Amino acid sequence: MKFRFDSYLAFPREIYALFVVRLVVSAGSFVNPFLAMMLTMKLGYDEAAAGGFMSAVSVISAAGLLAGGRLGDTLGRRPVLGGLQALAAGSFAVCALIGFVPAAPFVIAFALGALSGTWPVMNAVVADCAPPERRKEAFALLYWGNNIGFSIGPLAAGFLFSRAPRLLFVGNAAALTAAAVVVFLFVRETNPLLAASPDVPKPDAADAASRKAVPAGEGGTLRILAADPVLLVFALLAVLTAFVYNQHTFALPLFLKDMFGPDAGPKAFGAAMAVNGLTVVACTALVTAVSHRWPALLAAAAGSVFYLLGFGAYAFAPGLIPVLACTFAWTLGEILGATNTNAFIAERAPATHRGRINSAVSFCYIAGNALAPLAAGPAMKVFGSRAIWGPIGLLAGLGALCLAGLHAWDRSRGPSAARILEPCNPAGRDLQ
């Protein structure tokens, strides 16, 4: 393995613009990481009620994902991406004005739903612009920028939470406003069916030499998934992966609140999230270089092994330093999952449907996100916050075995197993 810094150079302008967008948005992501604490400490929710509300937020986010992916494919990546960021910014500004009133969580939920719609659009832009052989590096660059910001944002938010909680909304609104400005100034339209620039590759032209036979043409989203059962099973396994991973946004802050108390708990959680971000900043390039030649599904399976080690070990962590060590371990899994999952989807999704296929897979992640607090909240109330980490670790191990098995099945099917779709009548009804 040899690390090459030049593999992150000479990308199209849009990749670097989205790097800045991800950095700014994550640095100002003050509200979402602390939502569980807001609900329980500022608004009087108990653990079960907070878990139910956060599951409802996941449902709203799922709707945002589906809407964002479809709009990006039909109306254009640029206006949808910038417009949704501006809409989320306005919603957080409203929260800053009204404060912690009973209506505030619902405005937050709307903002997070709008923000969710931006993720499949950004992934589609990267797949549109980056050369197929360098997509892992392009996704890694954005992921790196995301975590440079995230290593700063939650740490600052942990102090603001106790001292000036309304500023959490102000910071989130300002960051999203700046991101929308960057999008409108520096991101051209990259949808191959809508772009005016001759530099934008036409559907599938950039992929033909680099990927296996995959669904193409203008079929519906469900038709595309049905033609590629490996992609379909991968999407279903995303529910399990997200269920495990999303415990860091719900179970972990409540676990740390119980472990360190209501005053030190938010600071401990902020420190854990800072370790998460700093680990990504320090290790993303190295992990990407090590795993560059690994098949994407095997790399994702390795990521779930690190989830087993990190999340499972919280059950035995006696203090802050072991908690931070566990966070470091599952963050390595996060790096492997984030960079390889996006590359796997880009390999197998036709260019005309990249936003919608990203939305469909992300919808499965959202389903796992929704189930995570819904199951963990009542379990923590009955058994205590430490007791859930053992089962979470076992589920991570199951996910690793399933992903490795899916890779073996994909190889056994051969390169011609994916059925290529004939183009549909453009006037026909899309199934998604």
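What follows is a conversation between a student and a tutor about helices, buried residues and salt bridges in a predicted model.

Student: Let's start with helix 4. What span does helix 4 reach from its first C-alpha to its last?

Tutor: Happy to begin there! Helix 4 runs over residues 77–98, which makes 22 residues. At 1.5 Å a residue, the expected value is 32 Å, and the model comes close to that. From first C-alpha to last, helix 4 reaches 32 Å.

Student: Which helices are included in what covers the buried residues of helix 4?

Tutor: Residues buried in helix 4 include V80, L84, A88, F92 and C95. Their cover comes from several parts of the chain, among them helix 1 (13–27), helix 3 (47–74) and helix 5 (104–116). Also included are helix 6 (118–129), helix 9 (166–186) and helix 15 (354–383).

Student: Which residue just after helix 4 takes a positive phi?

Tutor: Helix 4 ends at residue 98, and the place to look is just after it. The phi there is about 75 degrees, and the residue is G99.

Student: R77 caught my eye. Which residue forms a salt bridge with R77, its closest N and O atoms being 2.5 Å apart?

Tutor: Good choice! R77 is one of the buried residues of helix 4, and its partner is buried too. Side chains of opposite charge can pair when their charged atoms come close. A network of salt bridges links R77 with D128, R356 and this partner. The residue 2.5 Å away, N to O, is D73.

Student: Are R348 and D228 buried or exposed?

Tutor: The side chains of R348 and D228 meet in a salt bridge at 2.8 Å, N to O. This pair links distant parts of the chain: R348 lies in helix 14 (residues 320–348), while D228 sits in the loop between helix 10 (221–227) and helix 11 (229–245), 120 residues apart. R348 has a relative accessible area of 4% and D228 has 0%. Since buried means under 20%, R348 and D228 are both buried.

Student: D46 and K381 also meet in a salt bridge. How many residues apart are they along the chain?

Tutor: Their side chains meet at 3.5 Å, N to O. The pair links distant parts of the chain, with D46 in the loop between helix 2 (35–42) and helix 3, and K381 in helix 15, so the separation is 335 residues.

Student: Which of D46 and K381 counts as exposed, and which as partly exposed?

Tutor: Exposed means over 50% relative accessible area, and the partly exposed range starts at 20%. D46, at 33%, therefore counts as partly exposed. At 52%, the exposed one is K381.

Student: On to helix 7. Which backbone oxygen does the side chain of R135 reach?

Tutor: R135 is found in helix 7 (residues 135–150). With a relative accessible area of 3%, R135 is buried. Its side chain reaches, at 3.3 Å, the backbone oxygen of A127.

Student: What distance separates the C-alpha atoms of A140 and N340?

Tutor: A140 lies in helix 7 and is buried, at 0% relative accessibility. Although A140 and N340 are 200 residues apart along the chain, their C-alpha atoms are separated by 8.8 Å.

Student: One last question: what accessible area do V181, L185 and F186 have together?

Tutor: A nice one to finish on! L185 is found in helix 9 and counts as exposed, at 57% relative accessibility. V181, L185 and F186 form a nonpolar patch on the surface, and their accessible area together is about 280 Å².

Key: Residues are numbered from 1 along each chain as its sequence is written. This is a predicted model: local features need pLDDT of at least 70, side-chain atom pairs count only at pLDDT 80 or more; totals for chains, interfaces and linings use all residues. Side-chain values use heavy atoms; hydrogens and water are left out. Helices (H or I, at least four residues) and strands (E, at least two) are DSSP runs, numbered from the N terminus. The expected span of a helix is 1.5 Å times one less than its number of residues. Buried means under 20% relative accessible area, exposed over 50%, partly exposed in between (1.4 Å probe, protein chains only). Contact means heavy atoms within 4.5 Å. Patches are made of residues with over 30% relative accessible area and no salt bridge: like charges are joined within 9 Å, nonpolar side chains (Val, Leu, Ile, Met, Phe, Trp, Tyr) within 5 Å. Accessible areas come from the Shrake-Rupley method with a 1.4 Å probe; for residues, only the protein chains shown count as cover. A salt bridge is a side-chain nitrogen of Lys or Arg within 4 Å of a carboxyl oxygen of Asp or Glu. A polar contact is a pair of N or O atoms within 3.5 Å; within protein, one must be able to donate a hydrogen and the other to accept it, and residues adjacent in sequence count only if both atoms are side-chain atoms.
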